[in-house]
Amino acid sequence: MAYKNFKLTEILEEIGAELRKTRQEKSYTISYVATRLTESGLTISNTLLGRVENGERRIDDKALEAIWAFYQVDPK
C-alpha cells in the first residue's frame, strides 16, 4: 500500500493493525513474540510491541523487518 496521502498517525495505525492481525492469526502472544525477537538479537519489550500494534509508537525499519521475518510474512 502506498502511504503518500496518509498522515503519520494513520500509517502507524495501519502498520500496527497489520502486525496485530498477523500475530493473532498465528496465535502468538505479545510476550512470546517479544521474547523470541529478543533471543534473536532484537531487543523489544512487550510494552513497546503493544504500543507499536496500537499505533502509539514508531518502529524502525530494521525492527519491523525482523518482526515480519519472524512471522514469515512478506509485507509487500
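This report looks at helices, a buried arginine and two unusual backbone angles in a predicted model.

## A buried arginine in helix 1

Start with helix 1, which spans residues 8–25. Arg23 belongs to this helix. Is Arg23 buried or exposed? Its relative accessibility is 9%. Buried means under 20%, so Arg23 counts as buried.

What does Arg23 touch, once neighbours within four places in sequence are set aside? The contacts are Tyr28, Thr29, Ile30, Val33, Glu53 and Tyr71. Three of these names return below: Ile30 and Val33 take part in the packing of helix 2 on helix 3, as does Glu53.

## Helix 2 against helix 3

Helix 2 covers residues 30–39, and helix 3 covers residues 46–53. The two pack at an angle of about 115°. Their axes are 9 Å apart. The crossing of helix 2 past helix 3 is right-handed.

Which residues make the contact? Helix 2 supplies Ile30, Ser31, Val33 and Ala34. Helix 3 supplies Asn46, Leu49, Gly50 and Glu53. By type, the contact residues are four nonpolar, three polar and one charged.

## The two sides of helix 4

Helix 4 runs over residues 61–71. Its buried residues are Ala63, Leu64, Ile67, Trp68 and Tyr71. Viewed down the helix axis, they fall within an arc of 135°, so they line one face of the helix. The general rule helps here. An α-helix has 3.6 residues a turn, so residues three or four places apart point the same way.

Now turn to the other side of helix 4. Asp61, Lys62, Glu65 and Ala69 are exposed there.

## The ends of helix 4

Which residue caps the N-terminal end of helix 4? Asp60 does. One of its side-chain oxygens lies 3.1 Å from the backbone nitrogen of Lys62.

At the far end, helix 4 is followed by Gln72. The phi of Gln72 is positive, near 55°. Gln72 sits in the segment after the helix. Its relative accessible area is 71%, so Gln72 is exposed.

## Another positive phi

Where else does a positive phi appear? Ser27 has a phi near 60°, and Ser27 is not a glycine. Ser27 lies in the loop between helix 1 and helix 2. Is Ser27 buried or exposed? At 64% relative accessibility, Ser27 counts as exposed. Gln72, too, is a residue other than glycine with a positive phi.

Note on methods
Residues numbered from 1 in each chain as written. Predicted model: local features only at pLDDT ≥ 70, side-chain atom pairs only at ≥ 80, totals over all residues. Heavy atoms only, no water. Helix = DSSP H or I, 4+ residues; strand = E, 2+ residues; numbered from the N terminus. Buried < 20%, exposed > 50% of the residue type's maximum accessible area, 1.4 Å probe, protein only. Contact = heavy atoms within 4.5 Å. Axes fitted to C-alpha atoms, helices over the stretch in contact; angles between N-to-C directions. Left-handed = near helix turned anticlockwise from the far one by under 90°. Nonpolar A, V, L, I, M, F, W, Y, C, P; charged D, E, K, R; others polar. Arc of directions from axis to C-beta. Polar contact = N/O pair within 3.5 Å; in protein donor to acceptor, adjacent residues only side chain to side chain.
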